[in-house]
Amino acid sequence: MKVTKENIVEKWNEIEKYLNKETHDTYAQAAPEDFTDPDWADVVDPFIKDINRQLENVSEPQAAPKAEEPKKADKPKKEPKAKKPKAKFQKGSKVVTDHDDTLQTITEVIWTGHNWHYKLSQSSGEWGEEQLTKAPKKAKKEIKPKKESNSISASIKIIKRYGSLHGKAYNGDTKEKAISILRALQKAILAHDIRKTDPYADEIEKIQENLLILVNNRASGQPIEIADIEHLREIGTTHVVMPIVKLLQAYVRLIGKSGVKEEAKKLRDKLTAYNGSEYSSLVKDAVISLSDYIDGKLDSITASLEALEGLNGIFETKHTTKPKPVRSHSMNASQLSGVEFDTIDLTGKWARIIGKPSSPYKLMIYGKAGHGKSTLALQYAGYLANSLNQRVLYVASEEGLNYTMQEKLNRLGISSANLQITDYLPKDLSAYDVIFIDSVNHAGLSAEDLRKLDASRSYVYVFQTTKDGTFRGSQEYLHDVDTSIRVEDMHAYTEKNRFGAQGECRVD
């Protein structure tokens with residue numbers, strides 16, 4: 001029989017059934033009777049060895065070679081996608097545009113497929129990277145020592161007020177504040193309180209530009225961000241009024257008042273605690289004056305003329321307006337001649353018919369219907385608002401806010417943010433410098449009603465007369481005003497005038 005791997009294995013399996021290769025103790029138990037001879041191993045072992053030898057010599061049949069699989073065609077390589085460049089700015093970054101240096105915040109970052117675009121907090125539309133510049137980080141500056149002085153210059157006051165707008169939401173209130181700052185700035189320039197030689201003239205010029213943009217082109221709800229806020233804050237914090245001067249200013253504000261004992265006590269305590277040598281005599285006078293009022297020796301807080309002169313002296317600074325004179329109960333003629341009053345420098349026809357009024361003042365314009373009294377009043381209101389930057393309220397109680405009023409304003413070329421027109425007299429007049437009432441007759445106001453109005457404001461009253469040129473209560477009203485002007489056939493004539501001028505002009 002041909003020896004193959006299969007029959008060798010078959011024989012091996014037959015022997016394997018009777019053998020236990022792990023232990024010789026089980027051979028007799030596992031093997032059949034013909035293998036019970038103790039010398040069986042001498043027969044079996046050679047046979048096993050022979051089988052193993054034959055197995056070693058039997059070669060494994062070679063498998064037919066596998067057919068080579070055809071190689072797969074190489075897939076075409078895809079062109080690598082262009083990498084999206086990293087955005088130059090991130091959401092929330094502070095930037096300025098190439099149009100102006102107003103500090104803005106990036107609110108949205110947009111990938112167009114080709115480049116990055118950005119939306120800003122204070123500008124409409126989308127902006128490219130080349131149009132934006134990251135807000136520069138200012139190097140830390142050495143903190144300058146505070147400069148104490150008698151008063152703060154007009155330019156620094158404007159800088160401080162403007163800086164207070166930073167970070168606030170733009171709404172009706174902040175718009176009014178911005179307008180108020182702009183008016184104060186322009187008024188200070190006209191009064192030469194801020195000049196080209198001012199050390200902060202450049203800052204003031206930039207503030208004026210930014211306020212105009214803020215007032216005219218700002219969307220409601222956006223935060224106000226000032227690019228150079230740190231620089232402006234540094235200017236404001238390094239210029240302060242001397243603490244003792246602040247206390248003396250508080251004292252001046254109380255002079256002439258009554259019913260302010262609690263406030264007077266607090267101020268006296270602060271002045272008493274002052275132990276400096278500068279202005280010690282003024283402090284002593286103020287403490288005595290306050291004590292006399294607190295102890296009931298005086299009905300109101302008063303000050304001697306010498307004290308007033310000293311106080312006026314410390315409040316005067318270069319390029320700032322002089323304080324209004326504080327009223328005293330009495331003074332002689334030579335003393336009175338040295339007092340400076342707050343007057344208004346009118347020009348043109350207004351100087352001819354009114355003169356140089358001292359604020360606050362009361363002016364009366366009267367005449368028949370259709371003779372030009374309202375036209376004259378509107379012209380004067382426009383002059384005060386535009387040329388003198390005063391805050392003017394025109395109460396058109398008779399004509400109202402209608403087409404004829406609009407037509408009249410357009411015809412006269414009157415347009416100013418400082419001029420507010422209404423058809424009623426509001427209770428609070430503190431926001432205005434001059435109030436026009438046209439007409440007092442139509443508003444139904446008596447002479448007593450007019451006397452109850454805020455005495456710190458100036459007033460222009462318009463009266464309509466009857467055909468004979470009179471009106472009810474004319475003498476009582478006339479007694480209360482400083483100047484009266486009669487209008488007839490489109491001409492104005494000065495009649496009574498405490499400011500000296502006696503002239504006439506045509507009402508165009």
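Me: Which way do the side chains point along strand β3 (residues 116-120)?
Reply: In this predicted model, the side chains of β3 alternate, with W116, Y118 and L120 pointing to one face, where they are buried, while H117 and K119 point to the other face and are not buried.

Me: ok, and what sheet is β3 part of?
Reply: Strand β3 belongs to an open sheet of five strands, arranged in the order β4-β3-β2-β1-β5 with antiparallel pairing. The edges are taken by β4 (127-128) and β5 (132-134), each of which has a single partner strand, so one side of each is left without a neighbour in the sheet.

Me: how many bridges hold β2 to β3?
Reply: Five bridges join strand β2 (residues 104-111) to β3, and the two run antiparallel; within that pairing, I106 stands opposite L120, which is one of the buried residues of β3. The hairpin of β2 and β3 has four residues between the strands, and G113 there takes a positive phi near 105 degrees.

Me: and on the β4 side, what does H117 pair with?
Reply: The bridge partner of H117 in β4 is G128, and β3 and β4, which run antiparallel, are joined by two bridges. The hairpin of these strands has six residues between them, with G125 taking a positive phi near 80 degrees.

Me: what about β1 and β5, how many bridges there?
Reply: Strand β1 (residues 94-97) is joined to β5 by three bridges, again in an antiparallel arrangement, and V96 stands opposite T133 of β5.

Me: switching to aromatics, how many pairs are there?
Reply: The count comes to nine aromatic pairs. One of them is formed by W111 and W116, which is tilted, at 5.0 Å centre to centre and with 55 degrees between the planes.

Me: are those two Trp residues buried or exposed?
Reply: W111 is partly exposed, at a relative accessible area of 28%, whereas W116 counts as buried at 14% relative accessibility.

Me: why is Y380 with F436 called edge-to-face?
Reply: The ring centres of Y380 and F436 are 5.9 Å apart and their planes stand at 65 degrees, so the pair is edge-to-face, the cut-off for that class being over 60 degrees. Y380 lies in helix α14 (residues 373-387) and F436 in strand β11 (residues 434-438), so the pair ties together parts that are 56 residues apart in sequence. Both Y380 and F436 are buried.

Me: which cluster do they sit in?
Reply: Ring pairs link Y380 and F436 with W350, Y383 and Y394 into a cluster.

Me: last one, where does K261 lie?
Reply: K261 lies over the face of Y293, at 5.9 Å from the ring centre.

Methods: Residues are numbered from 1 along each chain as its sequence is written. This is a predicted model: local features need pLDDT of at least 70, side-chain atom pairs count only at pLDDT 80 or more; totals for chains, interfaces and linings use all residues. Side-chain values use heavy atoms; hydrogens and water are left out. Two strands pair if DSSP finds at least two bridges between them. Rings of Phe, Tyr and Trp (its six-membered ring) pair if their centres lie within 6.5 Å; planes under 30 degrees apart count as stacked, over 60 as edge-to-face and the rest as tilted. Buried means under 20% relative accessible area, exposed over 50%, partly exposed in between (1.4 Å probe, protein chains only). A charge sits over a ring if NZ of Lys or CZ of Arg is within 6 Å of the ring centre and within 35 degrees of the ring normal.
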